[in-house]
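Please open the model in your viewer and keep the selection panel at hand. The tour below moves from one selection to the next and says what is to be found at each stop.

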Amino acid sequence: MKMERGGFDDMQGKMYSTSSISNGGSASAHLSDSNRRIINSHNTTPYNNRVYQVWKGNNKFFLEGRLVFGPDVRSLVFTIFLIATPVLFFCIFVSQRLINQFHQIGDLIVAFPAVFTVFIIIILFLTSGRDPGIIPRNLHPPEPEDEGNSSSSMSSAWLANIRGGVAANGPPTKDVSVNGTIVKVKYCHTCMLYRPPRCSHCSICNNCVERFDHHCPWVGQCIGKRNYRFFFMFISSTTVLCLYVFSFCWVNIRKIMESYHCNLWKALLKSPVSGVLILYTFIAAWFVGGLTAFHVYLICTNQTTYENFRYRYDGKMNPYNLGLVRNIGENLFSKIPPSKNKFRANVKENSISAFPSSLSMGRVMSPELPKRSFDVEMGGKRQAVAEEELEDIQNHIDSVAGLDLERCGTEPRRTNRNHKSNWEITPDIHELAAEFRMQQGFTEREKIAGIL
């Protein structure tokens with residue numbers, strides 16, 4: 001029995017030696033090349049990377065971090081197509097008759113929608129390709145002294161749970177005064193910070209955005225403090241373009257009716273493109289025109305779309321309402337604050353931590369975990385097997401090896417680890433565990449058979 005336990009301890013020692021791979025050691029001889037590459041790829045610390053290369057959010061970056069888009073950036077192609085196509089058809093099929101009818105200003109009538117379309121596309125990229133107001137994440141939960149004792153409702157018990165690896169029941173809040181009104185702000189477990197007033201976490205981009213309005217799928221970006229005015233310019237300009245094409249298509253139909261002395265239907269048959277554009281721009285004008293009118297109301301009352309749908313300030317006091325003139329000035333004419341993120345900055349070694357954010361693993365980060373990371377304040381997606389997952393493999397192999405030993409009348413040594421895993425084991429872990437089971441299980445059976 002003593003020799004049997006020694007054989008099992010030997011197997012455990014070999015398994016535990018593989019955990020050193022995530023700390024920079026070489027792979028065990030029992031690991032395949034593919035698994036060695038998987039684990040070693042997680043250990044390659046990108047000290048020479050830039051912030052945008054290890055970003056934790058779901059954003060897409062172009063031109064080496066100069067352009068910041070949302071994860072649904074491909075929708076921009078469809079949006080540009082919807083805007084440019086009707087203008088192109090207008091300039092090709094409708095403009096010739098208008099030029100002939102309006103000799104002096106005919107060229108201007110045709111040139112205006114073409115130039116205006118280019119302006120709208122530029123505004124679209126200014127809306128979509130910039131930081132909307134992302135709040136940088138914290139590397140660790142806030143310290144009690146950082147939050148203060150008077151205004152914060154965060155309890156010491158909750159902090160103990162955070163630092164002990166136990167998720168708190170619901171996000172804590174603290175009171176903040178806004179224009180003489182007390183507003184509760186929530187703690188974001190993903191970003192590990194108290195959200196500033198009017199800030200919200202976008203589930204699509206996975207970022208906390210300052211003065212969050214909404215995530216617009218048409219521009220593929222969150223709409224926040226730094227790009228809201230460009231978004232409003234985009235939808236209002238698109239409304240003007242739709243009404244312009246709609247109006248001059250009707251003018252074209254009217255001129256056809258006068259020239260040929262025919263009714264409306266015959267005029268539409270002579271210029272079917274005008275009829276199609278009238279229908280298309282009518283529907284589009286209702287959509288973007290209604291959206292523009294809604295945002296005019298939000299600007300005049302100093303609300304966001306998120307606040308309007310969630311809090312309904314119509315029935316209670318809006319602490320951000322400063323009056324019509326000041327509301328318009330704040331939303332459209334105030335200075336745009338600089339970005340709080342330096343996406344092109346180099347990753348610093350002393351700000352690197354070994355694991356993703358706490359919420360990505362389904363629980364809050366514990367202080368016992370190493371403080372190294374592949375990230376500055378934001379980091380990339382998990383690409384390999386981490387130390388905790390290797391510990392999961394050990395528990396999995398313990399149970400498998402225990403079953404093998406029990407068949408031979410041997411009881412496995414109980415491990416003193418009480419680690420409790422509550423997330424789904426990934427296919428990489430299954431593959432690694434299976435390889436341990438195949439390579440170590442047979443060796444252990446041979447040892448036991450030789451002893452018996």
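The stops that follow take in the core, the strands, the salt bridges and a surface patch of this model, which is a predicted one.

Begin inside the protein by selecting Phe 90, Phe 234, Leu 241 and Leu 277, the residues with the most contacts inside the largest nonpolar core, which has 36 residues. Now colour helix H3 (75-101), helix H4 (106-128), helix H7 (228-260) and H9, each of which supplies at least two residues of this core; H7 gives the most, with 13 residues. Centre the view on Leu 277 and display its surroundings, where, leaving aside residues up to four places away in sequence, Leu 277 touches Pro 86, Phe 89, Phe 90, Val 94, Val 245 and Cys 249. A second, separate core of seven residues can be picked out next, with Tyr 52, Trp 55, Phe 61 and Ile 134 among its members.

Turn then to the strands, selecting E3 (residues 173-178) and E4 (residues 181-188), which run antiparallel and are joined by six bridges. The hairpin of E3 and E4 has two residues between the strands, and Asn 179 takes a positive phi near 55° there. Extend the selection to strand E5 (residues 193-194), which is antiparallel to E4 and joined to E4 by two bridges, with Cys 188 standing opposite Leu 193 in E5. In the hairpin of E4 and E5, which has four residues between the strands, a positive phi near 55° is taken by Met 192.

Return to Asp 175, whose bridge partner in E4 is Lys 184, and show both side chains, which also meet in a salt bridge (3.0 Å, N to O). Lys 184 counts as exposed because its relative accessibility is 56%, whereas Asp 175, at a relative accessible area of 32%, is partly exposed.

For another salt bridge, select Glu 258 and Arg 254, whose side chains meet at 3.7 Å, N to O; both residues lie in helix H7, four residues apart, about one turn of the helix. Afterwards select Glu 64, Arg 66 and Arg 344, which are linked in a network of salt bridges, the closest N and O atoms of Glu 64 and Arg 66 being 3.8 Å apart.

Finish at the surface with Phe 78, Phe 81, Trp 218 and Phe 287, which make a nonpolar patch of about 440 Å². Phe 287 lies in helix H9 (residues 272-301) and is partly exposed, with a relative accessible area of 47%.

Key
Residues numbered from 1 in each chain as written. Predicted model: local features only at pLDDT ≥ 70, side-chain atom pairs only at ≥ 80, totals over all residues. Heavy atoms only, no water. Patch = residues over 30% accessible without salt bridge, like charges linked within 9 Å, V, L, I, M, F, W, Y side chains within 5 Å. Areas by Shrake-Rupley, 256 points an atom, 1.4 Å probe, with all protein chains shown as cover. Salt bridge = Lys/Arg side-chain N within 4 Å of Asp/Glu carboxyl O. Buried < 20%, exposed > 50% of the residue type's maximum accessible area, 1.4 Å probe, protein only. Core = buried A, V, L, I, M, F, W, Y, C linked by side-chain atoms within 4.5 Å. Contact = heavy atoms within 4.5 Å. Pairing = 2+ DSSP bridges.
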